[in-house]
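Open your viewer, switch to a cartoon view and keep the selection tool handy. We will take a short walk, one selection at a time.

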Amino acid sequence: MTVVVTGMIILIVLMVLEVPIAVAMALVGIGGFAYVVDWGPAAYMAAETSYRLVHNYNLSVIPLFILMGNLVTRADVSKDLFDLAYRFVGHRRGGLAIATVLSGGMFSAVCGSSFATTATMARVAYPSMKRYGYADSLAGGAIASAGTLGAMIPPSVPLIVYGVLTSTDIGKLFIAAVLPGILGMVLYIVAVMVATRMTPGLATAGERSSWLERIRGLKSVGAVLLLFLLVIGGIYGNLFTPTEAAGIGAVGALLIMIWRRKFSWQSLMGALRETAMTSAAIFVIMVGAQIFTTFVNVAGFTAMLSDAVQQWDLPGWGIVLGIVVLYLVLGCMLEGMSMLLLTLPIVFPLITNLGLDPIWFGILVVTLIEVGLITPPLGMNVFVLNSVVPSMSLGTIYRGVIYFVLADLLRLALLIGIPGIALFLPSLM
């Protein structure tokens, strides 16, 4: 117990000193393992863990889905998705903000990255909202919050990482995320409606589009929607594995890029280079996390924690509530992926000992990561938005996300109270 607590303190100190999270976890893991066992086995453990993780076939889904997202981004479909959403809801007060949420959700379905969704929606939606006199607080809140949907709506990189680290079926995780993702979009739309109802000056109404214009809008994004249905429908129908779906998605994204006449060798090389850099960063963090996890398990911390929880005789809902509070607090200080990898070795065994469904817990954790993306002082989506639109201050964006954070807390309550929201679709597979 003492060696793990000491390791945790050293890890926090290293993070405060701005040592990369992957390096910090690897150093603490190797040092702690060496203290418990010996330096020779510690060196072997680090090498074997790195080799085994990098050669895990299931992890090939990560670079393939990232490549799919990068190719779709370069195909420039985000503006068409936003225009489509605006044609259906733009005539309502706050319609541009609602269109941002809808198009952000659709873009997330083929992108899988919260940061990319936030940056893209900022470039596409903010100029229109500025032109129609929207308050920066509502515009910033809608854009930053819509970006969080990239963490939930499949293909989701956090869900992939969770599935690999916990040996949970990635395909079922993807399907389980569909209804919670839609629920998140609906609650964000409600948040916009409540905000504009309480403060009418935040937004105006736009022009009403004809049904002919709406149908034309559907045609412009038909290929992207078809690609999403092919990938997710194929997984749901057991036509192919998530890894095969990722490969099909990447090829489909490339074909969309060519069909929309956005292809160039320079764009392709840029997408490949960005995919390689992002994938490498994720793999390095996962290696560090696995080394740290091995140390925690060898030190017996997980077993001692489980025994302690049983002795406390806490009800299951009390433990879940404690984990939720832990993630909400950590989300204010840590980036989502780092928080997931740092805490999962400790909290996941508690969940399995309680007999709770790991798929449901995965959806709950990713929802908590979404909340952390927009809560101060380290809401990463807020910083991404500020970097794209420097004229929008951090304080203004944080004021704007209040309604959306409340919507996320309501979604958390619904997921805890009604687990079937996450488990209904996987049960039909």
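Before the first stop, a handy definition: a crossing of two helices is right-handed if the near helix is turned clockwise from the far one by less than a right angle, and left-handed if it is turned anticlockwise. One more thing to keep in mind is that this is a predicted model.

**Stop 1: two helices side by side**

Select residues 157-166, which form helix α9, and then 336-353, which form α18. Their axes come within 11 Å and cross at roughly 30°. Angles under 35 degrees count as roughly parallel, so α9 is described as roughly parallel to α18. Now use the definition above: α9 passes α18 in a right-handed crossing.

Next, show side chains. On the α9 side, pick Val157, Pro158, Val161, Tyr162, Leu165 and Thr166; their partners in α18 are Met337, Leu340, Leu341, Leu344 and Phe348. Which classes of residue make up this contact? Ten are nonpolar, one is polar and none is charged.

**Stop 2: the two ends of α9**

Step back into the loop between α8 (136-148) and α9, where you will find Pro155. Select Pro154 as well: the peptide bond from Pro154 to Pro155 is cis, with omega near 5°.

Now go to the loop between α9 and α10 (170-176) and select Ser167. Its phi is near 55°, a positive value in a residue other than glycine.

**Stop 3: the largest pocket**

Select Ser113, Ser114, Phe115, Thr278 and Ile282, the residues nearest the centre of the largest pocket, out of 29 that line it. The volume of this pocket is about 730 Å³. To see where the walls come from, colour α4 (61-74), α7 (114-131), α9, α15 (265-298) and α18, each of which gives two or more residues to the lining. Sorted by class, the lining has 15 nonpolar, eleven polar and three charged residues.

**Stop 4: a cavity**

How many cavities of 30 Å³ or more does a search of the whole structure find? The search finds one, with a volume of about 40 Å³. Select its lining: Gly331, Leu334, Glu335, Gly336, Met339, Ile369, Gly372, Leu373, Leu378 and Met380. The elements giving two or more residues here are α18 and α19 (358-372). Six of the lining residues are nonpolar, three are polar and one is charged.

Leave α18 highlighted as you finish: it appears in the contact with α9, in the pocket lining and in the cavity lining.

Notes: Residues are numbered from 1 along each chain as its sequence is written. This is a predicted model: local features need pLDDT of at least 70, side-chain atom pairs count only at pLDDT 80 or more; totals for chains, interfaces and linings use all residues. Side-chain values use heavy atoms; hydrogens and water are left out. On a 1 Å grid over the protein atoms alone, a cavity is a set of points where a 1.4 Å probe fits but cannot get out, and a pocket is an open set with protein on both sides within 12 Å along at least five of seven lines; lining residues have an atom within 4 Å of a point. Grid points are joined across faces, edges and corners, and a volume is the space filled by probe spheres set on the points. Helices (H or I, at least four residues) and strands (E, at least two) are DSSP runs, numbered from the N terminus. Ala, Val, Leu, Ile, Met, Phe, Trp, Tyr, Cys and Pro count as nonpolar, Asp, Glu, Lys and Arg as charged, and the others, Gly among them, as polar. Axes are lines fitted to C-alpha atoms, for helices over the stretch in contact, and angles run from 0 to 180 degrees between N-to-C directions. Angles under 35 degrees count as roughly parallel, over 145 as roughly antiparallel, 65 to 115 as roughly perpendicular and the rest as oblique. Contact means heavy atoms within 4.5 Å.
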